[in-house]
Structure formats: C-alpha cells, structure tokens
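Hi there,

Here is the structure I promised to pass on to you. Have a look at it first, and my notes follow below.

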Amino acid sequence: MTATKPDKELVKILEAPSGWTASGFQAEYLSHNLHEYLNGGAERYLGYGFQRCLVREFVSGSCSSSLRVELYRMDSPANAFGIFSSDRRGEKPSGVGQDAALGEYLLQFWQNRYFVRVQDMELQGGLRQSLLSFGRLISSRLPDPRAEDRPGLLSVLPAEGLDRSSVCYFHTQNSLNSLIYLSEDNVLGLGPETEALSAEYKTGKKSGIVRCLVIRYPTQQACRDNLSGFSAGRDKLAGSSRKALAHVSANANYLLVLFGPCGPDWIRRFENELWKNI
Amino acid sequence: MTGRSQKESISRKDFIRAGAVGAMGLGLGLNETLAAEQLAPAKSPARAKVVLVRLKAAMTAEGQKDAGVLDAMLGKTLCAYTGENDPVAALGHFIKPGDSVGVKMNVMMTPTHSELMACLARMLVRLGVKEEKIIIWDRDNAGVGIEGAFTRNRKYGFDPESVSRIITDECTALINIPAFKSHWLSGVGGALKNWCGAVTKINVRDVDTPYPIHKDSCADMGRLAAIEAIRSRFRLVIIDALRPLFEGGPQVNPEYLWHYGGLLASEDQVAADAICTELLTKKREQYKGEPWPLSPPPKHVELADTRYGLGVSDRGKIDLIATGEEKDRLI
C-alpha cells in the first residue's frame, strides 16, 4: 500500500480511550489511492465527495482484542450523512454522532462532515461497550453537530408510512444500482450535481413496500429533460424495475419515481404531500 | 483434465473413502505440463460441473481456522470433483508436477483465508510441484511456496499489456482461489472478479485503461478472464466460501458475514460464479424472510458465457455436486 502520510489533526481525533493503545497500523488515504484500501468499495465513497480517510488500529490492554477505526472526511455534512445512510443497520445508540448504528461488531456514525466506523477486528464479540467508548470519544473531538448538517432534501419526504431507516441520500448511478437496478444506462441523469433520495413506504396494505425516488436536478430544464428521457425509455428498463414502476412525475426541478404496489389514490395523496414540501 | 463426460455422480462410499488425505505421489512424469491449446475453449461447454463441500468445523463462527479440517475439506472437494480417492491424485487432474503454478488469491476486505492457501500449497508440493514454482499473489504482492500463503513481499511487475508477469513470464498453470462476497459495484465478487488483481491500470471510471470493465455494474468483467494469457493457463477455481459476505461489499459490515463453511471447485469459473450467485440470493432471502435480490444484478456472469465463451452461466446446465453438512446449505 502507498498510504499517504497521516494528517496530524486527524490522528489527534483518533486517540484511544482508557484501556486501549494504538497498535502499529496507521494509514491515511486520499481520493487517488483509496482503492488500495477499499478496492471497488472506494467508488462508493468517491461518489459522496470523499476527501481523506485515516485508519488506525488499537489493542486492548491485554492485547486480546483489537479494533480498527476509520475516519472519513467528506466534502460536506450532507455527504457524510449520505455515506452513513447507505448502510445503517443496527441499534441506535445515543451520544454518538448525529446518527449512529451499532451492531455486535461494528459502530458507524456521522457527525458534521465526518463518517466514522469502529470495528471489532477479531469478531469475537463482547466489545459493544468499547465500540461505544471509542465512538463517544471521537464524537467529542469532532466539530459540533448542527441542525443544518442534514441534507435539505430530506424535508420533502412525506412522513406518513415512511420507514426512516430506509432513507438513503446519494448522487450517482452506482449508488442507485446498489438500491434498485434500473438500466445499464444512466436513465435518470444522476451525477455529482444531482441530489437523490431513496425511501421505502408502507402504504397501509398488508403486502408490499413502495420505493420512492426523489431527485433534485440543478435546473428545471435538466429535470424536464430527464423526465422525458426516462418516460421515453421505460421499455428499456430492467424487467423487474419495469414491472414495479408505478409512477413518474416532475415539479420544478424535482423528479418523483415510485416503484411497487400503490394505487392511484395513494399516489395522488403522496404526490400532493411531496410537492407541498418542496 | 477431467473429461466432461466423466461420471458425475459419486457414491457415498466413494466419498467417505475420498475423505482420507492420502498418498504422496502419483506417478506423473516430472516436467509434464498441459498444453495451453487444450485449455482454451473457443466457446462455453454444453454443461459444467461444480462441487460444493460444507464443513462448518473448518472455521469457528469467530473465524478461527482448523488447518487439519481445512486440509481434509480441500481434499474432499477435489476428490468429489474428479472421482479420485486421493486428494493429491485429484489435484493431478489439473496440475502436473512440472508446472509452475500461480495461485491467484484475494487480499481485499474479505480475503481468501491464508490457511486454505497453505493447504493448497502443501498439496501441490505433495503432488511434486517444486515449492519455488508455486507463486501465491494478488496485485503485485507475491510470495513463494507454502510461506507465500502468509507472506507476500515479492514484486514481479506487469507486462506491456498490463498483465501480471507472474502469469505471462512465470506460470504454466493458474489456480484461482477467491473468497466470495456480494459486491456493491458488480453484484457478486467471485471467480471472474478475482482477475482484477491480475492486471494493472484498471480504475473504476475506466479512464486510460486497456480493460474498461466497470460500466453497467461491471458487466464486462469477463474480459479479464478472457485475456489469452489467463484463459490458456487457467486450470481450476476453488472458491473460499468459509465465511462469505452477503450484503454490501467489498467493505465489510460484519453483520452480513455468514459462517457457511463451504468450499466450491470447478474448472468452469462462470459456473462457479453462477452457483455463488444462487447461494447469495438464497441467503439474502433467508436473512430477510422475503426476496432480497442482489442489486446490482451480477450481469457479468452471464456475459462471460455469452460474450466470451468462458463457461456456463445457465443454472440448468450446471451439475452441482453438493456434499457435507446439509443444514442451511441452501442449494
């Protein structure tokens, strides 16, 4: 690996809580060499305005356990939220970041423009408290959270029936593909200039979940062009997506696409609520 | 080579007999190698065979490996595939003592388990392959012999076509030994994707690269296994399914690691990936309690068949010989 020389400020953020000491492994990566650490996974971060990543490992006093901490600095708080939102399975502990997800072996959280992962490297379990201790210490050293850190686009989503844990904020076609695969082409014109949300809704019916995509384009013209292109190319969508496609519409520079079992009344109510929020 | 017409069912008695790790020699002539032209099919074969052996005791849920159990498991896998009773004889269907063998592992995030590679290297030595003729590598980090399973600090570089010189200059035979996972960009990371670490100058944005493989969820991944230097030397894929990743990837959320305890083997990399795809799909459905399709879909598996003739992607044309523990085998 050709890791970059670590940024001293980031190293200070990643110091160990009581009972743990830094082991030998420490590396920092920039956008040009993040793939050396994450291989194909690097693109996921690059799609969220990745800037730097510091990785440090720590061992417990008895050296029987080890933890790896990854501190990612993104270009904006919205993108730190975005990368967190793409995998947030777990409990939601308090006092760690602006949102956190805690599992048996992994703590993830975001705060300001930082995304943090703390992982039990031995996968022996029993380290939840240590994961939290690291998380709380790191959180205390990061810039304070601000209400405006969350992407403004989140506020357009209607609240009724929303599964909040399903909300994912993203920009790129690769991110969309990992949520729902539409086509080999970039049929929604996604890219760094677009902001997008995927969210799941329960419509009240017993079966089925509706997936909602909301995309904000830089201009109304871009939105109109993509609506036209998407509508014209419906028959080229992947089979499962084509079957599930329920609705497409646009308002100003916002595009709405719905997939899944939803009737006209639900769509009308949902759409009205969404357009009211923009 | 194992003939395609070979009897593909194995009796229980044969299988149990095959479980004993056995003889040291095979009576194969030294310096005997398989001609490349014998190994480079112009189009996918009509059918393919994949063996799956499961033994969860090979590794604990926490990831501790038992080398003895792994060795026996690897032997059983090769015997089940070839119908031999002796693992070394089984390995001799693919590799000759005179071969120089490149073992292409994967080091990233969910790496091939070192102990498994050491078992394979030991078996190659028992077959008669000189230890210095065994190179275990990923990207440009290589190790030689059994120690290469654990330490890889040699550099061989890449040829003008960006292919590892281990392949072009050093090896007469290649064994592909990835650990399989779901993958954020390609749907599945298995045999075909593992060749990414055998070339250089690839990048996710496909800029200035001889191998633009990433577009449309890596649909053209088969291009790498189709590189003639790889295709002509490839003999066998052994897939480390001891603890696969079934969501996300390559970055690991341990929540999605799964103690499956499996090894798969085939001469057909496409068929092996097709089986892995089926296995991942079933695991995801089991986990969620409802269909949870891989996204993106691993289009590269089918295209490796239809575009490059690298093997069989149609599940209906793949004979799966599954043995070992049946509970939660899923396929």
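To get you started, which residue in β6(A) is the bridge partner of Gln111(A)? Tyr114(A) takes that role. Before I go further, please keep in mind that this is a predicted model.

That pair belongs to the part of chain A I spent the most time on. Strand β5 (residues 106-111) of chain A runs antiparallel to strand β6 (residues 114-120) of chain A, and 6 bridges join the two. They form a hairpin with 2 residues between the strands. One detail for your torsion plots: Asn112(A), in the turn, has a positive phi of about 55°.

On its other pairing, β5(A) is joined to strand β4 (residues 99-102) of chain A by 4 bridges, again antiparallel. Here Asp99(A) stands opposite Trp110(A) of β5(A). β4(A) and β5(A) also make a hairpin, this one with 3 residues between them.

How many of the 6 residues of β5(A) are buried? The count is 6 of 6, so the strand is largely enclosed by the rest of the structure. In a regular strand, side chains alternate between the two faces of the sheet. Both faces of β5(A) turn out to be covered. Leu106(A), Gln108(A) and Trp110(A) are buried on one side, while Leu107(A), Phe109(A) and Gln111(A) are buried on the other. So Trp110(A), which faces Asp99(A) across the pairing, and Gln111(A), which pairs with Tyr114(A), lie on opposite sides of a strand that is covered on both.

Stepping back to the whole chain, chain A is divided into domain 1 (8-147) and domain 2 (152-277). Their centres, taken over C-alpha atoms, are separated by 30 Å. The contact between them takes 8 residues from domain 1 of chain A and 9 residues from domain 2 of chain A. On the domain 1 side, helix α4 (residues 77-85) of chain A gives the most, with 4 residues. By type, that side of domain 1 of chain A divides into 2 nonpolar, 4 polar and 2 charged residues.

I also took a brief look at chain B. Its secondary structure comes to 10 helices and 10 strands, and buried residues make up 57% of its 331 residues. Among the contacts in chain B with a separation of 6 or more, 74% are between residues 24 or more positions apart.

Happy browsing, and best wishes!

Notes. Residues are numbered from 1 along each chain as its sequence is written. Chains are lettered from A and ligands numbered from 1 in the order in which they are written. This is a predicted model: local features need pLDDT of at least 70, side-chain atom pairs count only at pLDDT 80 or more; totals for chains, interfaces and linings use all residues. Domain bounds come from an automatic or database domain assignment. Two residues are in contact if their C-beta atoms, placed from the backbone, lie within 7 Å. Ala, Val, Leu, Ile, Met, Phe, Trp, Tyr, Cys and Pro count as nonpolar, Asp, Glu, Lys and Arg as charged, and the others, Gly among them, as polar. A residue is buried if 20 or more other C-beta atoms lie within 10 Å of its own, exposed if 12 or fewer, and partly exposed in between; C-beta atoms are placed from the backbone. Two strands pair if DSSP finds at least two bridges between them.
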